[in-house]
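The following explanation leads through selected features of a single chain, beginning with strand pairing and ending with helix packing. Please keep the sequence and the structure in view while reading.

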Amino acid sequence: MSLRKRQRSASSSRLTAFCSPPSPPAPPSTSSSPNPHTFPNADVVLRLFLNPSSPDDVDVKPDIDRHLSAAVSSGTFVDLHVSSASLLRSRYFAALLSDRWPTAATGRLSLAVVAPPSCPRPFDAHIEVLRLLHTLDFAGAIRSPDDALDLLPIALLLLFDACVEACIRFLEAVPWSEDEEARIIDLARLLPADEAADLLARVSPPPVAAGPSAAGVAPRSPSEAMLHGLIHSAIHGHPVHAATKAFVAMLLKDYPSRNCVHKVLDEAFQSRLDTIKELMGKYASPDFRVAVDSDEREAIQRLNLQSAVLNVKHLYWLIERMVDLRVADNAVTLWSDQAALATDLQKLLNDADMWRNMTPGLPMLVTRCTLKLANSVITGETLVPRQVRRMLVRSWLPVLNVCRDIVQPMHSQKSTNCQELEGAFLQIISTLPFLEAQELLQQCLGFSTRNVDDCPHLVTAFKTWFRRAGRAPLGGEN
């Protein structure tokens, strides 16, 4: 006997408890019993009778004779005329027909069928397995996952290895419905480990290795790896970016683990931000400006800045997802800590010929990123400490001032974005302690360069500050 067969025999021990040792069947059934079934070369009578006991009841074996008598009395049995040579393909029947059992001489066997009384056709699957013992026509019998799932428990019960293997081979190769998947998971515990593994490989991820990787980074879970790959494909890997991004956005929104989505979006945000910082750093580097001639430098700068614009677009899409899912706290913290990047952007924006010829959309892209994060803070969608709120304004207020001066005469919509960011910054300032608010408000005077009637947000901010300044100290620290 092969190792796989020995394993299957052990795994089927619970099931074989419901197959009775042969006992002489009752006299031929009355007209109320089902019609006999005859197979070619029949020389043995096999009686299938209904045993209503629960499959989990381990004490039913002593009652087999009682259930057989009850089945005969109620007509809940069927007599089959079968070939003993065909039955030998089942190791269970081969044992019953051997010299170790008295039925070898009587030519009569009985087999209990465990099914609830409400089951309309309790014997069908057993009869089909018995037919397969005679025909081996597995391709004709197994045409759907339900077919295989109906036959597999009985094939395991009877130790019919060829049928078990045919069922597993079919199930492993075809798609399953959710209900079929649940049945397979339940049956897998009765299979040898290697055969169960073939089926279970698709329904659960492999174990995640414990501890950090060789690079010192904790390994991603399968779900994190999938979401990471989807985000990467949405940004880089698909020609129809808008449709792909919309689909990935839907998956992220519907994914049940907010922590997993938070982690994956944080990683993607950090990656895009690092790329932007690297590209802008190359533009601002004095070493680069000296190292190459002017024509080559301009070509390289054009490529770097165009790549930076593309990455800022990707960053804005990530920010939209994070704000929508209320997981933008780390993004706000990182963006507030980008004083060096803000300085590099100011250098570029002060070089009007460079950015207007190469990246005319960059100022507004950066403004939109900052505005999206700032609005999420003032609406309470993203809660961050006051130190982060202060640094968000302090780091990006100088860039806003440059952008406002650039776009104000150029485009009304772009100017509106700057005005919205001014209002958002002023509202954030209103959430800060008194002295911190005083320091930052003084840096916002540039908001009044338009007509005084056109900056009511700035007027309101100063009125609020002066109202607070005229109040007597209420205790606590500023």
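Two strands are said to pair if DSSP finds at least two bridges between them. In this predicted model, that criterion is met by β1 and strand β3 (residues 77-82), which pair in the parallel sense over two bridges. Within this pairing, histidine 37 stands opposite leucine 80 in β3. Both strands belong to an open sheet of four strands, ordered β1-β3-β2-β4 and mixed in its pairing. The sheet is bordered by β1 (37-38) and β4 (108-114), edge strands that each pair on one side only.

Attention now turns to the helices. Helix α13 (residues 222-237) contains isoleucine 231. Buried means under 20% relative accessible area; isoleucine 231 therefore counts as buried, with a relative accessibility of 3%. Beyond residues up to four places away in sequence, its contacts are Val248, Leu252, Val264, Leu265, Ala268, Trp317 and Leu318. Threonine 244 lies 13 residues from isoleucine 231 along the chain, and the C-alpha atoms of the two are 9.4 Å apart.

Two packed helices are described by the angle between their axes and the distance between the axes. For helix α15 (residues 258-284) and helix α18 (residues 329-336), the angle is about 20° and the axes are 9 Å apart. Angles under 35 degrees count as roughly parallel, so α15 and α18 are roughly parallel to each other. The crossing of α15 with α18 is right-handed. On the α15 side, His262, Asp266, Phe269, Gln270 and Leu273 take part in the contact, meeting Asp329, Asn330, Ala331, Leu334 and Trp335 of α18. The residues of this contact comprise five nonpolar, three polar and two charged.

Definitions and conventions
Residues numbered from 1 in each chain as written. Predicted model: local features only at pLDDT ≥ 70, side-chain atom pairs only at ≥ 80, totals over all residues. Heavy atoms only, no water. Buried < 20%, exposed > 50% of the residue type's maximum accessible area, 1.4 Å probe, protein only. Contact = heavy atoms within 4.5 Å. Axes fitted to C-alpha atoms, helices over the stretch in contact; angles between N-to-C directions. Parallel < 35°, antiparallel > 145°, perpendicular 65-115°, else oblique. Left-handed = near helix turned anticlockwise from the far one by under 90°. Nonpolar A, V, L, I, M, F, W, Y, C, P; charged D, E, K, R; others polar.
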